[in-house]
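This briefing concerns a single structure and is intended for a reader who wishes to connect its sequence with its three-dimensional arrangement.

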Amino acid sequence: MAIAPPAPVLRLSRFWSSDLISDSVAAEVGKLPHNLSPWNMFLAADVVVQLVMLGLAFASLVTWTIWLAKLIELRASSRSVQSALDRLRSAPSLAEAHRALGDGPIAPLASAALQEATQSAGLPAEGIKERVAATLSRIEAALGRRMNRSTGVLATIGSTAPFVGLFGTVWGIMNSFIGISKSQTTNLAVVAPGIAEALLATALGLLAAIPAVVIYNVFARSIAVYRASLGDASTEILNLVSRDLDRAHRP
């Protein structure tokens, strides 16, 4: 039959065990980083969380690169289209408009209309107008798709970046709980750095997603205006074709 140790021995063993636990906790706390800046949290994070953070930083860089490149392209193209519209409205004929446009963004529309009108010389005017309208519609759609390039990347980043950041957060918090089980303590000083590193991944996900969504919406409206300008140019070219046909069939 086992004999229980006397009460003083129990109290002494509990005291020693509590001292050992407190010493281990103090040792763990002593190993923790005291400067929890974003860079130090990144360096102390798990490899998976670091990869998530690097991916989100790269996505943010891609977002701002697309913004700068597309902003320059849109402004230059919009100015060219407005200038071309002024030339189309003042041109007396389609041939004169084609010469005045040069190599601008509207030049393919005028070239296609002039080529179709030349090939259909002597045919009924209504058929020529229908074929020119169909040709202009296809070219206008192609120009709109060309201007819409790279905006899909912004939509992808805006929709996936928060979930990627959330994955990094879940992974980091899971590692924090593993650290709690290993250290046998719930001291906040022990688990705080791991949780802070995990939450940093969520913050980076939002920093990558929010600008991407805003920039995508801004570009969507700007591209819609650009497509409307292309539609105006197609209408002006059709008007010139109609005038040329009426002059050719005038008695």
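The points below are grouped by topic.

The model is predicted. Its largest nonpolar core holds 32 residues, and H8 gives the most to this core. Apart from that core lies another, of 8 residues.

**Nonpolar cores**

- Within the largest nonpolar core of 32 residues, the members that touch the most other members are Leu88, Ile106, Leu109, Ala113, Ile237 and Val241.
- At least two residues of this core come from each of H3, H4, helix H5 (107-119), H6 and helix H8 (188-248).
- The contribution of H8 amounts to 10 residues.
- Leucine 88 contacts Ala97, Leu101, Ile106, Ala233, Glu236, Ile237 and Leu240, when neighbours within four places in sequence are left aside.
- The other core, of 8 residues, includes Val52, Ile157, Ala161 and Ala209.

**Serine 93**

- Serine 93 occupies the loop between helix H3 (47-90) and helix H4 (94-101).
- Its relative accessible area is 18%, so serine 93 counts as buried, the cut-off being under 20%.
- The side chain of serine 93 comes to 3.3 Å from the backbone nitrogen of glutamate 96.
- With residues up to four places away in sequence not counted, serine 93 touches Leu240 and Asp244.
- Leu240 is also among the contacts of leucine 88.

**Helix H6**

- Helix H6 covers residues 125-147, which is 23 residues.
- At 1.5 Å a residue H6 should span 33 Å, and its end C-alpha atoms are 33 Å apart, so the expected span and the model agree.
- The buried residues in H6 are Ile128, Val132, Thr135, Leu136, Ile139, Leu143, Gly144 and Met147.

**Serine 150**

- Following H6, serine 150 lies in the loop that leads to helix H7 (151-183).
- The phi angle of serine 150 is near 75 degrees, a positive value in a residue other than glycine.
- Serine 150 is partly exposed because its relative accessible area is 36%, which falls between the cut-offs of 20% and 50%.

**Leucine 207**

- Leucine 207 belongs to helix H8.
- Because its relative accessibility is 56%, leucine 207 counts as exposed, the cut-off being over 50%.
- In sequence, leucine 207 and serine 60 are 147 residues apart, whereas in space their C-alpha atoms are 7.4 Å apart.

Conventions
Residues numbered from 1 in each chain as written. Predicted model: local features only at pLDDT ≥ 70, side-chain atom pairs only at ≥ 80, totals over all residues. Heavy atoms only, no water. Helix = DSSP H or I, 4+ residues; strand = E, 2+ residues; numbered from the N terminus. Buried < 20%, exposed > 50% of the residue type's maximum accessible area, 1.4 Å probe, protein only. Polar contact = N/O pair within 3.5 Å; in protein donor to acceptor, adjacent residues only side chain to side chain. Contact = heavy atoms within 4.5 Å. Expected span 1.5 Å × (residues − 1). Core = buried A, V, L, I, M, F, W, Y, C linked by side-chain atoms within 4.5 Å.
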